[in-house]
Amino acid sequence: MEIVVFGAGSLGSLIGGLLAREHRVTFVARDPHATEVRESGLRVGGAFDFRVHPSATGDERELRANCAIVTVKAFQTETAGRQLATGEFDAVLSLQNGMGNEDVLADYLDCPILAGTASYGAVLTEPGTVECTGVGEIALGAREGGDSETARTIGEAFTTAGIETEIADDMPRRLWEKLAVNAGINPVTALSRVENGTVLSGDASEIAATAARETARVARADGVELTDEDTVSAVETVASATVSNVSSMHQDVEAGRKTEIEAINGYVVARGERYGVETPVNRTLSGLVKTWERTNG
Ligand SMILES: NC(=O)C1=CN([C@@H]2O[C@H](COP(=O)(O)OP(=O)(O)OC[C@H]3O[C@@H](n4cnc5c(N)ncnc54)[C@H](OP(=O)(O)O)[C@@H]3O)[C@@H](O)[C@H]2O)C=CC1
Ligand SMILES: CC(C)(CO)C(=O)C(=O)O
């Protein structure tokens with residue numbers, strides 16, 4: 001299969017590297033990473049140890065492939081959609097965190113847009129080298145839920161490349177559950193500068209659980225079956241499985257980078273307003289992170 005990875009940073013380089021063992025993969029990446037991959041290949045370390053040689057370009061326009069995988073940060077999705085619209089793809093799959101990415105892509109693209117979640121951990125440690133910090137799985141399917149032939153085809157391509165992949169007919173519920181996990185863990189760990197395991201006890205646990213319960217309430221107002229108990233236990237399961245992880249938002253604030261707060265807690269607040277669901281903890285967390293962004297990001 002011909003696959004384009006649009007935004008080959010940490011996650012995109014890992015997933016693209018795994019796929020390149022079986023498929024023809026092109027990275028759309030920034031320099032110096034793109035040049036290093038083009039000239040010397042990509043080393044995948046951490047939980048893996050191999051080198052592959054995908055194509056790599058910084059030229060985002062007029063690309064063609066069976067599938068484009070979008071792995072830019074949520075606030076870069078609109079640019080990705082605009083650039084991908086200059087090319088031709090049978091399908092586009094978002095593996096990003098946060099909500100609304102698929103809708104933004106659908107605004108620009110005519111092909112089927114698939115939703116996905118990734119529980120792999122990845123860090124681009126230097127140009128040409130990505131470390132897998134946690135082997136997880138990919139779930140992908142139709143963004144509106146239900147069966148999808150396109151999702152099955154792309155899922156098979158992932159599986160052939162040795163990626164643990166589930167074809168899911170309930171992506172809206174999965175996206176909301178992942179959103180609840182991120183809404184609970186990410187801002188709490190970022191604002192307190194603690195590892196994920198800290199949200200398993202004390203005040204941090206209560207704040208994360210409340211943010212997750214608020215998210216579940218908004219999800220239900222949006223027509224998705226998600227219980228408070230399921231979301232709180234999802235937060236606990238992920239925090240337990242990633243005890244020593246530095247969450248992506250914590251990494252962003254440490255590095256002085258813009259965060260994905262708008263697509264995570266900001267989305268919960270905005271959707272809550274639409275349905276008349278109160279989300280005071282998400283509003284507070286979102287407001288604090290945005291205040292930090294305005295003054296430091
Ligand atoms: N890393 C992980 O372990 C996981 C990440 N995710 C999610 O995946 C998404 C990506 O995360 P992550 O990989 O960590 O982020 P990164 O910032 O490492 O990767 C995105 C990359 O895309 C590049 N990029 C953005 N726009 C363009 C463009 N127009 N052309 C070329 N390159 C571009 C960025 O460059 P620049 O920074 O210069 O803009 C960056 O190198 C996020 O939504 C994240 O929440 C989900 C699960 C796990
Ligand atoms: C699951 C979690 C919280 C793992 O750190 C994550 O997705 C993130 O850091 O963005």
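## A buried serine in helix α1

S13 sits in helix α1. The model you are looking at is a predicted one, and this serine is a good place to start reading it. Is S13 buried or exposed? Its relative accessible area is 0%, which is under the 20% limit, so S13 counts as buried.

What does the side chain of S13 find around it? One of its polar atoms lies 2.5 Å from the backbone oxygen of G9. Setting aside the residues within four places in sequence, S13 is in contact with A8, F27, H33, L42, L124 and V130.

## Two nonpolar cores

F27, one of the contacts of S13, also turns up in the largest nonpolar core. That core has 37 residues, and L14, L19, F27, L93, I138 and F158 are those with the most contacts inside it. Helix α1, residues 10-19, supplies the largest share of this core, with 4 residues. Another core lies apart from it and has 23 residues, including A115, A219, V253 and W292.

For a closer look at the packing, take L93. Not counting residues up to four places away in sequence, L93 touches C67, A68, I69 and V70, together with L114, A115, G116, L140, I154 and F158.

## The surroundings of ligand 1

Now to the ligands. There are 20 residues around ligand 1, and those that come nearest are L11, E60, Q76, A122 and E260. By class, this shell divides into 8 nonpolar, 8 polar and 4 charged residues.

Which polar side-chain atoms approach ligand 1? An atom of this kind in E260 lies 2.6 Å from an oxygen atom of the ligand, while R30 places one 3.0 Å from an oxygen atom of ligand 1. For E60, the partner is a nitrogen atom of ligand 1, at 2.7 Å. On its own, ligand 1 has 880 Å² of accessible area, and the protein covers 80% of it. The elements giving two or more residues to the shell are α1 and β9 (121-126).

## The surroundings of ligand 2

Ligand 2 is surrounded by N97, N182, I185, N186, N196, V238, N245, S247 and S248. This shell has 2 nonpolar and 7 polar residues, and no charged ones. Helix α6 gives the most to it, with 3 residues.

Three asparagine side chains each place an N or O atom by an oxygen atom of ligand 2: the distance is 2.9 Å for N196, 3.1 Å for N186 and 3.3 Å for N97. Taken alone, ligand 2 exposes 280 Å², of which the protein buries 85%.

## Backbone details in the loops

A few backbone features are worth checking if you plan to work with these coordinates. The peptide bond from D31 to P32 is cis, with omega near 10°. P32 belongs to the loop between β2 (24-28) and α2 (33-40).

Which residues other than glycine have a positive phi? E62 has a phi of about 55°, and R193 has a phi near 55°. E62 is placed in the loop between β5 (55-57) and β6 (64-70), whereas R193 is found in the loop between α6 (171-192) and α7 (202-221). With a relative accessibility of 61%, which is over 50%, E62 counts as exposed. R193 has a relative accessible area of 38% and is therefore partly exposed.

Note on methods. Residues are numbered from 1 along each chain as its sequence is written. Chains are lettered from A and ligands numbered from 1 in the order in which they are written. This is a predicted model: local features need pLDDT of at least 70, side-chain atom pairs count only at pLDDT 80 or more; totals for chains, interfaces and linings use all residues. Side-chain values use heavy atoms; hydrogens and water are left out. A nonpolar core is a set of buried Ala, Val, Leu, Ile, Met, Phe, Trp, Tyr and Cys residues joined through side-chain atoms within 4.5 Å. Buried means under 20% relative accessible area, exposed over 50%, partly exposed in between (1.4 Å probe, protein chains only). Contact means heavy atoms within 4.5 Å. A residue is near a molecule or strand if one of its heavy atoms lies within 4 Å of it. A polar contact is a pair of N or O atoms within 3.5 Å; within protein, one must be able to donate a hydrogen and the other to accept it, and residues adjacent in sequence count only if both atoms are side-chain atoms. Accessible areas come from the Shrake-Rupley method with a 1.4 Å probe; for residues, only the protein chains shown count as cover. Ala, Val, Leu, Ile, Met, Phe, Trp, Tyr, Cys and Pro count as nonpolar, Asp, Glu, Lys and Arg as charged, and the others, Gly among them, as polar.
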